[in-house]
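Please load the model in your viewer and keep the selection panel at hand. The tour below goes from one selection to the next and says what is to be found at each stop.

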Amino acid sequence: MAGGALPGFRDFYPDEFAHRAHIMRAWREVARRYAFVEYDGPPLEPLDLYTRKSGDEIVGQLYNFTDKGDRQVALRPEMTPTFARMVAARANGLRKPVRWFSIPQLFRYERAQRGRLREHFQLNVDIVGEPSEVADAELLTVAIDCMRELGLTSADVQARVSDRRLLTAMLDAIAVTSDAAIAAVLLTLDKAGKEQEPTGVTRLTTAGLTAAQAAAVFSWTRSDYSIEHVRREFANQPGVLQHLALLDSYFAHLSALGVGDWVRLDLSIVRGLAYYTGIVFELFDAKGELRAICGGGRYDNLLKELGGVDLPALGFGMGDVVLGELLKERGLMSRAVPARPDLFVIGGPGAPTEGMAGALKLIGALRAAGFSVDYGLSDKKYQAPPRGQFETAQKAGALAAIYYDGTGAITVKGVGGKFADAPTLQLPAPGLLSGAADITAQLTTFISSLSSNV
RNA sequence: GUGGCUGUAGCUCAACUGGUUAGAGCACCGGUCUGUGGCACCGGGGGUUGGGGGUUCAAGUCCCCUCAGUCACCCCA
């Protein structure tokens with residue numbers, strides 16, 4: 001509709017913000033468990049940080065402009081160049097392996113679709129300085145644990161793993177070696193399942209593959225094509241077996257880390273093009289309805305090319321958009337709601353004697369004691385009939401209404417359920433107003449008993 | 001960037017083959033209810049039918065353009 005946010009951008013109303021916060025909380029919690037530390041960089045970067053490696057054609061997908069200092073700048077479309085720069089600048093001083101994560105908001109100028117906007121938040125998790133496949137297993141486990149933390153299971157999400165080096169060795173073994181042929185194979189693998197097989201076969205034969213070679217490539221994309229198939233098919237190929245041993249070890253580590261049943265080999269995982277050098281993976285919803293939830297892998301040469309330090313590295317990006325859609329579809333987002341106040345101060349029977357000033361004193365004392373307190377922001381509302389105010393407290397989402405009850409005490413009444421049965425607590429006004437520890441402790445206990453019933 | 005489909009209140013939807021002043025539920029605001037209540041009842045605000053143009057005595061409805069959403073391409077660093 002007219003007058004909203006720019007196309008591909010989102011307004012986060014409180015309900016939607018709660019969803020976003022729910023996802024980010026899970027990300028940070030998992031990162032903490034795996035001992036990753038958070039960093040961030042500027043959302044605006046020099047344009048050439050992105051064109052240097054990817055060429056000028058990338059500018060079409062960037063939010064870029066000339067700033068008032070005549071600098072060519074762009075909103076960050078990805079975090080990796082910033083990350084590489086930051087690591088390179090202090091590479092010598094950083095304890096290896098580096099375990100860093102970030103949750104940047106990223107921007108790219110392209111046609112928005114479901115699960116793909118012009119702006120999104122993306123969890124970036126990276127490890128630098130460790131060539132072992134144990135690090136690869138650790139990285140994928142972080143991604144999978146994010147799924148678990150959000151309530152998803154291996155029935156909802158599957159991780160598909162491939163390895164550039166293994167694939168290259170397999171192609172070498174069947175004598176597919178030219179750059180053009182390999183490029184055609186990668187494209188065809190990437191499109192497996194999305195296009196008709198004859199289309200792919202034509203592409204492969206045009207690139208110089210024989211019919212038998214093309215058939216072999218297609219056999220690798222079958223969903224039941226396992227690591228054992230590779231082992232049998234290439235039993236006499238030391239180059240393939242060498243990489244297979246590494247993958248065996250990788251899968252063994254994943255099983256030991258408790259995520260074995262989330263993962264399977266899938267040679268059609270290509271991950272764009274350029275910079276991945278080893279094991280790569282993507283996370284998909286099991287029904288295959290949505291875009292990839294997460295993608296990543298090893299990029300051992302990128303830091304040298306981008307930042308000038310020669311360190312092995314690996315990482316993944318996980319966006320909030322597709323993940324959010326999946327959580328909503330699975331009914332796992334309903335508990336993510338905006339924060340509710342503990343207490344709502346209403347004008348009870350004691351209101352006429354205490355007045356609004358008395359209410360404000362109570363409110364101040366409650367807040368000083370750490371409670372979240374709401375109230376009607378006018379004397380008129382404070383003097384309104386109590387029944388209506390009780391409803392207002394309910395609608396505000398408060399756990400309890402609190403008021404001067406006319407006997408010199410202060411009454412707290414839970415707002416859930418029937419009025420007559422509502423849990424009630426009476427507290428001495430002087431103790432509560434002065435913040436006496438035993439009185440506020442009583443109130444805290446009462447509130448937490450209410451919140452556990454919600 | 002290319003093509004298909006869809007746009008009615010904050011939300012979910014009505015409105016016959018074109019025919020009075022575009023309706024309902026929920027939500028929101030106000031009021032009544034001294035109280036079995038995440039009620040009930042009364043009242044209210046809120047729409048240039050995404051926007052613009054055209055056809056017609058008459059357009060939410062038909063046609064064109066445009067914007068937005070969505071799907072498939074392209075792309076996915």
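Begin by selecting Ala400, which stands opposite Gly414 in β16. This is a predicted model, in which local features need pLDDT of at least 70 and side-chain atom pairs count only at pLDDT 80 or more, while totals for chains, interfaces and linings use all residues. Residues are numbered from 1 along each chain as its sequence is written, chains are lettered from A and ligands numbered from 1 in the order in which they are written, and side-chain values use heavy atoms, with hydrogens and water left out.

**The sheet around Ala400**

Widen the selection to strand β15 (residues 400–404) and strand β16 (residues 409–414), which run antiparallel and are joined by 5 bridges. Strands here are DSSP runs of E with at least two residues, helices are runs of H or I with at least four, and both are numbered from the N terminus; two strands pair if DSSP finds at least two bridges between them.

Next, show the whole open sheet, whose 5 strands follow the order β14-β13-β15-β16-β17 with mixed pairing. At its edges stand β14 (373–375) and β17 (424–428), and each has a single partner strand, so one side of each is left without a neighbour in the sheet. From one strand to the next, the twist averages 25°.

Now add helix α17 (residues 437–451), which lies across β13 (343–345), β15, β16 and β17 and runs at about 165° to β17. Axes are lines fitted to C-alpha atoms, for helices over the stretch in contact, and angles run from 0 to 180 degrees between N-to-C directions; contact means heavy atoms within 4.5 Å.

**Stepping back to the domains**

Colour chain A by its two domains, domain 1 (14–329) and domain 2 (343–451), whose bounds come from an automatic or database domain assignment. Taken over C-alpha atoms, the centres of domain 1 and domain 2 are separated by 53 Å.

**Three helices**

Select helix α6 (residues 179–190) together with α7, which pack with their axes 9 Å apart at an angle of about 170°. The two helices α6 and α7 are therefore roughly antiparallel to each other, a label used for angles over 145 degrees, whereas under 35 counts as roughly parallel, 65 to 115 as roughly perpendicular and the rest as oblique. Display the side of α6 with Ala184, Val185, Leu187 and Thr188, which makes the contact with Gly200, Arg203 and Leu204 of α7.

Then move on to helix α7 (residues 197–206) and helix α8 (residues 211–220), whose axes come within 9 Å and cross at roughly 130°. That angle makes α7 oblique to α8. Here the contact is made by Glu197, Gly200, Val201 and Leu204 of α7 and by Ala214, Val217 and Phe218 of α8.

**A second sheet**

Finally, select the open sheet of 3 strands in the order β2-β4-β3, where the pairing is antiparallel. Its edges are β2 (44–46) and β3 (64–66), each with a single partner strand, so one side of each is left without a neighbour in the sheet. The twist in this sheet averages 35° from one strand to the next.

Between β2 and strand β4 (residues 72–75) there are 3 bridges; Leu44 stands opposite Leu75 in β4, and the bridge partner of Pro46 in β4 is Val73. On the β3 side, Phe65 stands opposite Val73 in β4. End at Asp70, which takes a positive phi near 65° in the hairpin of β3 and β4, where 5 residues lie between the strands.
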